[in-house]
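Hi,

Here is the structure I said I would pass on. Have a look at it first, and my notes follow underneath.

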Amino acid sequence: MEYVRLGISGLKVSRVALGMMSYGDPDLRPWSLRIDDSEPIVRRAVEAGVTFFDTADVYSTGASEEITGRLLAKLFPDRDAYVLATKVHGEMGKGPNDRGLSRKHIMASIDNSLRRLGTDHVDLYQVHRWDPDTPVEETLEALHDVVKAGKARYIGASSMYAWQFAKAQYTASANGWTRYVSMQNHYNLIYREEEREMNPLCLDLGVGLIPWSPLARGMLTGTRSRGGGKHTLRAQTDQFGDTLYSDDDFAVVDAVEEIAAKRSVPAAQVAMAWLLHQPGVTAPIFGATKLTHVDDAVAAVTLTLDEDERKALEAPYRPHAISGHS
């Protein structure tokens, strides 16, 4: 495993991060794994050198955070041995203040997340989405106070428009508040719209990219086929994934499969290796419900694609409408 700085911050993370959304309550997400089934997979990642783990309060309505906290405490010798990230924004109750990025919701959410995670701090506290109903100044001052209280070491953001992220960073700088060190955006071989504005902005600002859905929710690995075929429980029940990709994207899948066949490696390794070597990408966040999913992500760290292979993978790309911001 390789370890790199998260953007220009001093925080070192493993080159790939394990996304913990797959671990939670199968009654809420049919493809989620309970703690006993999750442990062998998380253990495999730890043994492979993964030290970066990403969850969110809304994943299985807190169950993912609970499993994450219990497993990491069991698998690591101490709290400083791993980097723990979670998120705030999504709906966590029926009240009008149980969602968004208001000061009230942020302050309640960090305490609730820490309780579920069984720790006194997270290393990276991320806003899950942009909140148009809350002044950005209110959000950023609250996050700054979370950091100053020692409840988070760094803050990050997830999918939004580049102008929104630029506004947030400028506002933080203008007021002497904590700036975002990372951007968790929707980015993979099928969806590359982030290359137009967000990725260059993050490169300029020294913000590390930690993309979500690096394998296009499994589409780049064969979980879906043309004409609506869905070959895994995740693909069959992932309604959000249905909104992100279409049959027009299978030309990219074909290119990945062709290179994977020539290399005699799984398609997942090829797709992940391409992403790992894009400018500004620090650590793609991969999901895993099988041991092989971990093995492929780790193997991709040392898989180098030549220029002709990269061009072949990129050639079939078609522009997409912006997706993943809500």
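**Salt bridges and helix packing**

Glu91 is partly exposed, at a relative accessible area of 44%. Its salt-bridge partner is Arg99, with 3.6 Å from N to O, and Arg99 is partly exposed too, at 34% relative accessibility. Elsewhere, Asp25, Asp27 and Arg34 are joined into one network by salt bridges that share partners. Do keep in mind that this is a predicted model.

How many salt bridges does a search of the whole structure find? The count comes to 19, and two others seemed worth pointing out.

One is between Asp123 and Arg79, whose side chains meet at 2.9 Å, N to O. This pair links distant parts of the chain, 44 residues apart: Asp123 belongs to strand β6 (residues 122-127), while Arg79 is in the loop between α2 (63-75) and β5 (83-88). Are these two side chains sitting on buried or exposed residues? Asp123 has a relative accessible area of 9%, so it counts as buried, and Arg79 is buried as well, at 17%. The cut-off here is under 20%.

The other one stays inside a helix. Arg43 and Glu39 form a salt bridge with their closest N and O atoms 2.7 Å apart. The two are four residues apart in helix α1, which means that about one helical turn separates them. As a reminder, an α-helix has 3.6 residues a turn, so residues three or four places apart point the same way. Arg43 is partly exposed, with 33% relative accessibility, whereas Glu39 is buried at 15%.

Now for the helices. α9 (residues 250-263) packs with α12 (residues 307-314) at an angle of about 150°, and their axes are 8 Å apart. The two helices are therefore roughly antiparallel to each other, the cut-off for that being over 145 degrees. On the α9 side the contact is made by Val252, Ala255, Val256, Ile259 and Arg263, which meet Glu309, Ala312 and Leu313 of α12. Sorted by class, this contact has six nonpolar residues, two charged ones and no polar ones.

Last stop: helix α11 (residues 291-300). Which of its residues are buried? They are Val294, Asp296, Ala297, Val298 and Ala300. Among the elements covering them are α1 (35-47), α10 (267-276) and β12 (285-286). You will recognise α1 from above as the helix that holds Arg43 and Glu39.

Shout if you want to go through any of this together.

Cheers

Terms used
Residues numbered from 1 in each chain as written. Predicted model: local features only at pLDDT ≥ 70, side-chain atom pairs only at ≥ 80, totals over all residues. Heavy atoms only, no water. Buried < 20%, exposed > 50% of the residue type's maximum accessible area, 1.4 Å probe, protein only. Contact = heavy atoms within 4.5 Å. Axes fitted to C-alpha atoms, helices over the stretch in contact; angles between N-to-C directions. Parallel < 35°, antiparallel > 145°, perpendicular 65-115°, else oblique. Nonpolar A, V, L, I, M, F, W, Y, C, P; charged D, E, K, R; others polar. Salt bridge = Lys/Arg side-chain N within 4 Å of Asp/Glu carboxyl O.
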